[in-house]
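Here is my note on the model you shared, set out point by point. I hope it is handy to have beside you as you turn the structure around on screen.

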2 protein chains.
Amino acid sequence: MTTPESRWGRRGHQARSVVTQDLILDAAEELFGERGIDATSVVDVAERADRSIGSLYHHFDTKELLVHAVVDRLIDGIQTEIDDFFAPNRWEGRPALHIVRGYLRGTLGLDRSRPGYKRIGRELSMMDAETLSRYRGLRQRTGDGLRSLLLTRKDEFGHPDPKTGVRLVADMCTAMVAARVDRDTTPTQLSRLSDEKFVTAMLEAVAAILQIDPED
Amino acid sequence: MTTPESRWGRRGHQARSVVTQDLILDAAEELFGERGIDATSVVDVAERADRSIGSLYHHFDTKELLVHAVVDRLIDGIQTEIDDFFAPNRWEGRPALHIVRGYLRGTLGLDRSRPGYKRIGRELSMMDAETLSRYRGLRQRTGDGLRSLLLTRKDEFGHPDPKTGVRLVADMCTAMVAARVDRDTTPTQLSRLSDEKFVTAMLEAVAAILQIDPED
DNA sequence: ATTATCTATAGATCTATAGATAATGC
DNA sequence: ATTATCTATAGATCTATAGATAATGC
């Protein structure tokens, strides 16, 4: 697992620097996700990374910088997955409902594989305007991508106003996945279903809204 | 604004106790909502309430107890509004879409009038299992109430399986309102619309899913 | 020679208490 | 006489630094 270089700037001159920095970033991401950023001390992070506090500060000048390094790494990873999803030709010849299914599975998996992502983003967004706008940008681009991709399949829809229909469907998918992943405060009945049954139920609703004949 | 007595127990023996306790609870609710619980010191709270730290500790033994007092007051207030919404005869003679409209407007207003509610609940739920289950219970009862209320109107639906349809619709309303209120991390296109237009768009989707003729 | 690591600790907060002073109400 | 308030401060964390020791790589 190599870490992409980002704003914070990797500063190692020896091979072990990379190892230590990765260990620290991994430990920080875990702990921030489990307990929250504020509740995690830099000493906690150093301990889980099996390094001393002095070593940690040799690589990251402040706690704030460490937090940003963790966030940068998270965002870079997610952006890569999103780019992959919207790669040209990826959905060639597939109907709208396949795209929606891929989107639902993808966004569910994305949050599952990064347990701390939501929590860290939320906590940091409360104080840091730049992180907030980066998180928003990520969501924005994802939504835009999904909408324009679906609109290329508008001939499949019976809905009189495809643009409005697609906008609603995209929002609904985003909101429902968010509610499903963030089970703490927004419990829904669909949360009790397995991922696959959840996706199936959503596809039925999407078909009803866009007025697609579900045939597959 | 009288505060309902809750678990934490009001302990005043003089008239000014009530005033001070209310001032402290108001200040705490504001600050916890603005900056978060962790980032707010008890001295901050005392200052905004125009009382000394000694006075604060005379009324609330620990910061944890103060936090719980704030949460209790929030939950009690919300429960009251929910009871009001589901009061018998409240929706007599009104069609399903009116109920959904009332629900959407109500839940939107509920979060708007208590800016800190979501944030406080989320932060506290991360560490305190009891608060988590109380928040969940609130949402659970609301969802149950909405579903059973809507099911009494099932003759209006063309949907072949009203129970499934209603479950989906209730979840969708909850998730979409949550996404709209929590604009930080879950931006949606519908967030750009006014509350009224958002409600209208939602009602169209609900009508499509349940297969209701929108006539009103 | 340079870079990375460690231990020990200074300095800044933040929660909570002690003890003195002021206000209330039987 | 009892309750509420205030000021001052003890004790617990937590971030960040200083300075000594160990490992790396030209």
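1. Let me start where the two protein chains meet, keeping in mind that this is a predicted model. Asp182(B) pairs with Arg122(A) in a salt bridge, with 3.3 Å between the closest N and O atoms. The count of salt bridges between chain B and chain A is 2, and 8 residue pairs are in polar contact across this interface, both partners having pLDDT of 80 or more.

2. Which helices of chain B build its side of that contact? Two or more residues each come from helix H6 (117-125), helix H7 (129-151), helix H8 (162-181) and helix H9 (195-210) of chain B. The largest share is that of H8(B), with 9 residues. By class, this side of chain B holds 16 nonpolar, 6 polar and 12 charged residues.

3. As for the extent of the interface, 34 residues of chain B and 34 residues of chain A take part in the contact. Together the two chains bury about 3,400 Å², and carbon and sulfur atoms give 63% of that area.

4. Next, a look inside chain A, which is divided into domain 1 (4-65) and domain 2 (86-210). The centres of these domains, taken over C-alpha atoms, are 32 Å apart. Contact between them involves 9 residues of domain 1 and 7 residues of domain 2, and about 700 Å² is buried there, 51% of it on carbon and sulfur atoms.

5. How many salt bridges link domain 1 of chain A to domain 2 of chain A? The count is 0, while 5 residue pairs are in polar contact, both at pLDDT 80 or more. The side of domain 1 that touches domain 2 in chain A is made up of 2 nonpolar, 2 polar and 5 charged residues.

6. Now to the DNA, beginning with strand C. There are 23 residues around DNA strand C, and those that come nearest are Ser17(A), Thr20(A), Ser52(A), His59(A) and Tyr57(B). Sugar or phosphate accounts for 77% of the strand C atoms within 4 Å of the protein, and bases for the rest.

7. Some individual approaches to strand C deserve your eye. An N or O atom in the side chain of Ser17(A) is 2.2 Å from a phosphate oxygen of this strand. For polar side-chain atoms, the distance to a phosphate oxygen of strand C is 2.6 Å at His59(A) and 3.1 Å at Ser55(A).

8. The surface near strand C draws on both chains: helix H1 (15-35) and helix H3 (53-59) of chain A, with helix H1 (15-35) and helix H2 (42-48) of chain B, each supply at least two residues. H3(A) gives the largest share, 5 residues. Sorted by class, this surface has 5 nonpolar, 14 polar and 4 charged residues.

9. DNA strand D is surrounded by 23 residues, the closest being Tyr57(A), Ser17(B), Thr20(B), Ser52(B) and His59(B). Of the strand D atoms that come within 4 Å of the protein, 78% are sugar and phosphate.

10. In chain B, a side-chain N or O atom of Ser17(B) is 2.2 Å from a phosphate oxygen of strand D, and a polar backbone atom of Ser52(B) is 2.6 Å from a phosphate oxygen of this strand. Arg16(B) has a side-chain N or O atom 3.0 Å from a sugar or linking oxygen of strand D. H3(B) contributes the most to the surface near strand D, with 5 residues.

Technical notes
Residues are numbered from 1 along each chain as its sequence is written. Chains are lettered from A and ligands numbered from 1 in the order in which they are written. This is a predicted model: local features need pLDDT of at least 70, side-chain atom pairs count only at pLDDT 80 or more; totals for chains, interfaces and linings use all residues. Side-chain values use heavy atoms; hydrogens and water are left out. Contact means heavy atoms within 4.5 Å. Buried area is the accessible area (1.4 Å probe) that two parts lose on being put together, summed over both. A salt bridge is a side-chain nitrogen of Lys or Arg within 4 Å of a carboxyl oxygen of Asp or Glu. A polar contact is a pair of N or O atoms within 3.5 Å; within protein, one must be able to donate a hydrogen and the other to accept it, and residues adjacent in sequence count only if both atoms are side-chain atoms. Helices (H or I, at least four residues) and strands (E, at least two) are DSSP runs, numbered from the N terminus. Ala, Val, Leu, Ile, Met, Phe, Trp, Tyr, Cys and Pro count as nonpolar, Asp, Glu, Lys and Arg as charged, and the others, Gly among them, as polar. Domain bounds come from an automatic or database domain assignment. A residue is near a molecule or strand if one of its heavy atoms lies within 4 Å of it.
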